[in-house]
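I opened this notebook to record what I looked up in one structure, entry by entry. Each entry names its topic and then gives what I found.

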Amino acid sequence: MTVSAPGQSQLISPNPTAIRTSDAVISGLGLPSSGIPVHDPATGDFLAAVPDVDASGALDAVRLADAAGTKWAATTPRHRADVLYKWWTLLVEHTEQLAHLITREMGKPLAEARGEVKYGTDFVRWYAEEAVRAGGGFREAPDGGSHIIVRRSPVGLAVLITPWNFPLAMATRKIAPALAAGCGAVIKPATLTPLTTYYAVDLARQAGAPEDLIQVVTTSKSGQFSDAVLRDERVRKISFTGSTEVGRQLLKTAGEGVLRTSMELGGNAPLIVFGDADLERAVNGTIAAKLRNGGQSCIAANRIYVQDTIADAFVEALTERLAAVPVGNGLGQGTVVGPLIDNRAVEQMLSLTQDAVRQGAQLLTGGTAYDSPGNFFAPTVLDRVPATANIANAEIFGPIAAIQRFSSEAEVITRANATEFGLAGYVFTENLDRAFNVADRLETGLVGINQGVPSNAAAPFGGVKQSGIGREGASEGLEEYQNVRFYNIARSVTH
């Protein structure tokens with residue numbers, strides 16, 4: 001096997017024109033001169049400050065969104081659909097501004113940021129269409145004495161908490177179904193990447209969403225925020241994307257008010273390559289599942305299992321590809337992997353790599369940080385990772401391909417399911433029966449079969465086990481913001 005020496009190539013520099021584009025967008029947001037600082041992870045440069053709202057300010061946002069939501073719920077489904085469609089149109093028209101802003105505050109390459117805009121706007125378009133197709137039904141009672149009409153109504157004010165890794169898509173995936181159902185919303189974006197949410201909500205208002213309907217709240221006191229708003233009787237729904245640890249705490253608080261909850265939590269995705277897989281397709285799919293967003297994704301390939309009969313060829317091909325991946329500023333021409341979100345993430349990658357090597361894993365390429373400004377870590381391949389290594393059990397959230405080998409189908413399914421998490425899984429095989437049989441036996445909410453990017457606005461995204469409850473996307477995502485009610489109408493039966 002040809003092994004690439006661990007190392008790093010020259011970082012790609014940003015395009016000055018792209019920096020000016022993002023600076024212009026940021027300056028147009030009308031943000032305060034002081035507050036929570038937002039930095040560019042590729043350079044460490046200060047970008048802007050956002051308000052640091054306390055509990056009292058959060059409750060003011062609840063009051064405003066609830067009042068606006070009551071009026072919004074009384075509008076027609078067609079009106080809500082028209083506003084959402086106009087919002088989608090504006091988001092698409094501002095694709096470049098959004099993409100530059102995403103890259104600047106989050107770090108992902110501009111090509112990927114454009115992809116996120118496409119993905120994020122798809123949710124708005126989808127729910128513009130779903131808004132006029134709310135479910136319902138009519139049925140006769142079995143005894144023939146009445147008719148039953150089933151209807152759906154808005155669940156009420158929704159609190160939406162989004163992570164930093166997909167600042168547009170995570171916001172639209174929650175806001176769009178809430179608005180389609182007739183709910184007001186208070187959204188709290190991550191303080192690492194709040195600027196995209198401010199910009200997207202401003203476009204929603206330009207599209208016709210009432211001024212107070214979507215309240216953006218940024219705060220450095222997340223615990224105080226959630227304690228205050230989730231105990232307010234006006235709040236009836238929480239949707240959270242983030243860690244399982246935080247999700248558990250939010251569920252406890254939400255339980256006190258018996259709130260509707262959607263939780264998209266941690267992941268530990270297995271990616272399984274069988275010996276009969278198409279090698280090129282398996283390598284391409286693994287790279288897509290591993291390096292998308294620099295590995296900073298809850299559905300990123302975390303534990304890569306490769307069958308013994310194909311392992312040497314697969315590892316050699318993957319190592320060659322990852323060793324050549326261009327790394328640098330996301331606004332640079334040709335960048336494929338940008339910076340990690342902060343220095344703590346870099347330190348975590350170093351720690352996981354060093355622990356795996358100490359326990360016997362083979363470092364084939366990467367494994368190093370860059371001696372430069374910004375939070376860069378070289379794409380890394382670790383082969384023969386022992387099951388006891390930390391990286392074999394932790395959510396990596398970085399550009400490290402950690403490979404374990406296996407012999408039999410039964411063995412790998414057991415190993416793949418040996419985790420408390422169950423968000424995503426991946427299967428690569430040319431055997432159709434095996435693809436479905438393995439997918440059916442994986443304890444995950446979604447499975448990519450011979451592909452590394454399974455997410456789609458038309459699909460019900462979500463996990464099982466400790467990876468969450470509820471679904472986002474598709475018709476199921478709208479139902480998360482609706483109450484199911486029925487009317488029982490008596491009838492006289494004549495014989």
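The entries below cover a helix, nonpolar cores, salt bridges, empty spaces and some backbone angles.

**Entry 1. Status of the model.**
I note at the outset that this is a predicted model.

**Entry 2. Helix α6.**
I began with α6, which runs over residues 169–181. I checked its length against its residue count: at 1.5 Å a residue, the 13 residues should span 18 Å, and the end C-alpha atoms lie 19 Å apart, which agrees. I then asked how many residues of α6 are buried. The helix is mostly covered, with 13 of its 13 residues buried. Glycine 182 follows α6, and its phi is positive, near 105°.

**Entry 3. Nonpolar cores.**
I looked up the largest nonpolar core and found that it has 64 residues. Those with the most contacts inside this core are Leu84, Trp87, Leu91, Ile175, Leu195, Ile214 and Tyr481. Which element gives the most to this core? It is α6, with nine residues. I also recorded a second, separate core of 38 residues, which includes Cys298, Val325, Tyr370 and Leu423.

**Entry 4. Salt bridges.**
My count for the model comes to 27 salt bridges. Side chains of opposite charge can pair when their charged atoms come close.

I took the pair of arginine 173 and glutamate 264, whose closest N and O atoms are 3.2 Å apart. This salt bridge links distant parts of the chain, since arginine 173 belongs to α6 and glutamate 264 to strand β9 (residues 260–264), 91 residues apart. Are the two partners buried or exposed? Arginine 173 has a relative accessible area of 2% and is therefore buried, the limit being under 20%. Glutamate 264, at 4%, also counts as buried. I noted further that Arg173, Lys174, Glu264 and Glu472 are linked in a network of salt bridges.

I added two pairs for the record. Aspartate 227 and arginine 231 meet in a salt bridge at 3.3 Å, N to O. Aspartate 227 is partly exposed at 36% relative accessible area, and arginine 231 is partly exposed at 47%. Aspartate 232 pairs with arginine 234, the closest N and O atoms being 2.8 Å apart. Here aspartate 232 is buried at 12% relative accessibility, whereas arginine 234 is partly exposed at 29%.

**Entry 5. The largest pocket.**
I next looked for open space and found about 1100 Å³ in the largest pocket. Its lining has 46 residues, and Pro163, Trp164, Gly242, Ser243 and Phe397 lie nearest its centre. I listed the elements that give two or more residues to this lining: α6, α8 (222–230), β8 (235–241), α9 (244–256) and α12 (343–358). The largest share, four residues, comes from α9. By class, I found 21 nonpolar, 17 polar and eight charged residues in the lining of the largest pocket.

**Entry 6. The cavity.**
How many cavities of 30 Å³ or more does a search of the whole structure find? The search finds one. The largest cavity has a volume of about 40 Å³. I recorded its lining as Ser262, Met263, Glu264, Phe461, Gly462, Ile469, Gly470, Arg471 and Glu472. Strand β9 gives the largest share of this lining, three residues. The lining of the largest cavity divides into three nonpolar, three polar and three charged residues. I cross-referenced Entry 4 here: Glu264 and Glu472 line this cavity and belong to the salt-bridge network with Arg173 and Lys174.

**Entry 7. Positive phi outside glycine.**
I looked up arginine 384, a residue other than glycine with a positive phi, near 55°. Arginine 384 lies in the loop between β13 (380–383) and β14 (400–406), and at 43% relative accessibility it is partly exposed. Lysine 465 is not a glycine either, and its phi is positive at about 55°. Lysine 465 is placed in strand β18 (residues 464–465) and is partly exposed at 37% relative accessibility.

**Entry 8. Leucine 446.**
My last lookup was leucine 446, found in strand β17 (residues 446–449). Leucine 446 is buried, with a relative accessible area of 13%. Its C-alpha atom and that of alanine 424 are separated by 4.9 Å, although the two residues are 22 residues apart along the chain.

Terms used. Residues are numbered from 1 along each chain as its sequence is written. This is a predicted model: local features need pLDDT of at least 70, side-chain atom pairs count only at pLDDT 80 or more; totals for chains, interfaces and linings use all residues. Side-chain values use heavy atoms; hydrogens and water are left out. A salt bridge is a side-chain nitrogen of Lys or Arg within 4 Å of a carboxyl oxygen of Asp or Glu. Buried means under 20% relative accessible area, exposed over 50%, partly exposed in between (1.4 Å probe, protein chains only). A nonpolar core is a set of buried Ala, Val, Leu, Ile, Met, Phe, Trp, Tyr and Cys residues joined through side-chain atoms within 4.5 Å. On a 1 Å grid over the protein atoms alone, a cavity is a set of points where a 1.4 Å probe fits but cannot get out, and a pocket is an open set with protein on both sides within 12 Å along at least five of seven lines; lining residues have an atom within 4 Å of a point. Grid points are joined across faces, edges and corners, and a volume is the space filled by probe spheres set on the points. Ala, Val, Leu, Ile, Met, Phe, Trp, Tyr, Cys and Pro count as nonpolar, Asp, Glu, Lys and Arg as charged, and the others, Gly among them, as polar. The expected span of a helix is 1.5 Å times one less than its number of residues.
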